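Q: Please take a close look at a single residue of this protein and set it within the whole. A connected account for a newcomer would be welcome.

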Amino acid sequence: LNFLESNAGIDSPALLSSPFMVILIAQYGHKKDFHLTPDEAKQLRYWTLAANAKGRYSRGSSETFLDQDLAALRRGGDVPALIQLLKTQVGRLEVLPSDLENRNSRSAYFKTMFLAFREDGATDWRDQLKISLKHKGAKHSLQFHHLFPRAVLRRAGVDRMRINDICNLSFVSGRTNRKISDKEPRAYLPGVVEKQGEQALARQCIPVSDDLWNVETYAKFLAERRRLVADRLNQFLGEAPE
């Protein structure tokens with residue numbers, strides 16, 4: 001638990017794609033007598049974030065995949081062996097924009113987006129509190145906000161899956177979410193940029209080009225944000241260790 005929080009930044013069960021992640025990390029720590037070299041800690045951090053993002057234990061036969069990983073450790077394998085098993089399961093560890101299509105807030109990628117944006121210092125657009133799952137009070141509690149409000153997109157005939165696409169979601173406080181209500185991005189994002197600069201949007205990989213803030217360009221907005229988010233997630237995960 002301490003490794004998850006201190007080294008991987010996962011400080012809430014809500015940020016885990018599966019609680020089985022805890023079992024594997026605990027077993028690895030036990031195997032090493034809780035004595036890791038800097039390289040081992042770096043490798044374990046990478047595996048933790050990549051396996052969490054790719055949903056290692058949330059793709060069907062969770063117990064089977066956990067058994068595979070535990071068996072690899074029992075046979076004397078180390079983190080590279082776990083990484084290879086993950087590659088065998090998902091094919092590649094790089095995140096592509098297409099991986100983010102048709103994903104909703106339950107996706108493991110959405111949890112990783114939060115981790116990456118928080119690392120970049122993303123804040124609420126009103127009270128400037130850094131995004132966190134631990135804020136006290138309903139006004140400051142974290143919510144995910146539809147950049148293009150659901151009501152606006154429904155009126156435009158956009159289907160539900162595309163409305164709830166993770167690349168239409170950002171992290172704001174409950175008060176900010178209610179304040180924005182059903183305003184279109186072209187109505188409220190210019191005010192955010194005017195008061196806080198484009199960096200306030202960039203920290204959550206929100207395109208800063210205002211010609212994408214219209215309902216008519218929603219598809220282009222999603223495509224551009226998927227590209228930005230995929231690039232950021234790959235930077236956040238880092239290079240797979242050998």
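A: The account below begins with the overall fold and then turns to one loop residue.

This is a predicted model, in which local features need pLDDT of at least 70 and side-chain atom pairs count only at pLDDT 80 or more, while totals for chains, interfaces and linings use all residues. Residues are numbered from 1 along each chain as its sequence is written, and side-chain values use heavy atoms, with hydrogens and water left out.

The protein contains 12 helices and two strands; these are DSSP runs, helices being H or I of at least four residues and strands E of at least two, numbered from the N terminus. Their order along the sequence is α-α-α-α-α-α-β-α-α-β-α-α-α-α. Of the 242 residues, 48% are buried, meaning under 20% relative accessible area with a 1.4 Å probe, protein chains only. The C-alpha atoms occupy a box of roughly 60 × 35 × 25 Å along the principal axes.

Within this fold, Asp99 lies in the loop between helix 5 (79-90) and helix 6 (108-119). Asp99 counts as buried because its relative accessibility is 11%. Leaving aside residues up to four places away in sequence, Asp99 touches Lys54, Arg92, Glu94 and Tyr109, where contact means heavy atoms within 4.5 Å. With Arg92, the side chain of Asp99 also forms a polar contact of 2.8 Å. Such a contact is a pair of N or O atoms within 3.5 Å; within protein, one must be able to donate a hydrogen and the other to accept it, and residues adjacent in sequence count only if both atoms are side-chain atoms.

Notes. Buried means under 20% relative accessible area, exposed over 50%, partly exposed in between (1.4 Å probe, protein chains only).
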